[in-house]
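User: Please take a close look at one part of this model, the region around its salt bridge, and describe how the neighbouring residues relate to that pairing.

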Amino acid sequence: MGTRRFDVHTKRTSIDRLSNRRGSNEELVVSEIGQVGTQLDGFAHQTHENSLYKLFKVDDVSTRGGFTKLGIEKVGALITRGVLIDIAAAKGVDMLDDTYEITVQDLEQTLQNRT
């Protein structure tokens with residue numbers, strides 16, 4: 001089992017005790033969905049201490065609904081060529097172990113030995 005989670009929490013929000021005693025419920029869904037498909041990380045994806053790209057402070061630009069600066073939606077269309085560097089094939093395996101960290105040396109050796 002992986003470390004991802006999917007939780008649904010329900011809570012009573014209010015009961016009108018004075019007139020019709022109607023109550024209501026709310027649901028909160030907590031889930032981690034990242035890295036489940038193709039994505040492009042924006043500048044708000046990584047931090048150093050409390051700073052983002054161009055030294056924006058995380059607390060100044062983050063909201064419950066997202067970031068007010070550095071959004072990936074501002075990038076526009078990207079069309080370019082892709083390069084596949086097959087580290088697994090260079091190491092003679094079908095797939096790298098899920099905990100294997102690709103190093104600069106792996107990249108350099110694979111590129112140097114390509115045919």
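Analyst: Patches are made of residues with over 30% relative accessible area and no salt bridge, and nonpolar side chains are joined within 5 Å. In this predicted model, Val83, Ile85, Tyr100, Ile102, Leu107 and Leu111 form such a nonpolar patch on the surface, with a combined accessible area of about 490 Å². One of its members, Tyr100, is placed in the loop between α2 and α3, and with a relative accessibility of 34% this residue counts as partly exposed.

Tyr100 also leads to the pairing you ask about, since Tyr100 is among the residues touched by Asp106. When residues up to four places away in sequence are set aside, the contacts of Asp106 are Ile87, Lys91, Tyr100 and Glu101. The contact with Lys91 is a salt bridge between the two side chains, with a distance of 3.3 Å from N to O. Asp106 belongs to helix α3, which spans residues 104-112, whereas Lys91 sits in the loop between α2 (87-90) and α3, so the pair ties together parts that are 15 residues apart in sequence. The salt-bridge count for the model comes to 1. As a general matter, side chains of opposite charge can pair when their charged atoms come close.

The two partners differ in how they are covered: Asp106 counts as buried, at 6% relative accessibility, while Lys91 is partly exposed, with a relative accessible area of 40%. The acidic partner in helix α3 is therefore under the 20% cut-off for a buried residue, and the lysine lies in the range between buried and exposed.

Away from this pairing, the loop between β2 (23-31) and α1 (58-61) holds Glu49, and Lys54 also lies in the loop between β2 and α1. Most residues other than glycine have a negative phi. Glu49, however, has a positive phi of about 55 degrees although it is not a glycine, and Lys54, likewise a residue other than glycine, has a positive phi near 60 degrees. Both are exposed, Glu49 at 71% relative accessibility and Lys54 with a relative accessible area of 63%.

Key
Residues are numbered from 1 along each chain as its sequence is written. This is a predicted model: local features need pLDDT of at least 70, side-chain atom pairs count only at pLDDT 80 or more; totals for chains, interfaces and linings use all residues. Side-chain values use heavy atoms; hydrogens and water are left out. A salt bridge is a side-chain nitrogen of Lys or Arg within 4 Å of a carboxyl oxygen of Asp or Glu. Helices (H or I, at least four residues) and strands (E, at least two) are DSSP runs, numbered from the N terminus. Buried means under 20% relative accessible area, exposed over 50%, partly exposed in between (1.4 Å probe, protein chains only). Contact means heavy atoms within 4.5 Å. Patches are made of residues with over 30% relative accessible area and no salt bridge: like charges are joined within 9 Å, nonpolar side chains (Val, Leu, Ile, Met, Phe, Trp, Tyr) within 5 Å. Accessible areas come from the Shrake-Rupley method with a 1.4 Å probe; for residues, only the protein chains shown count as cover.
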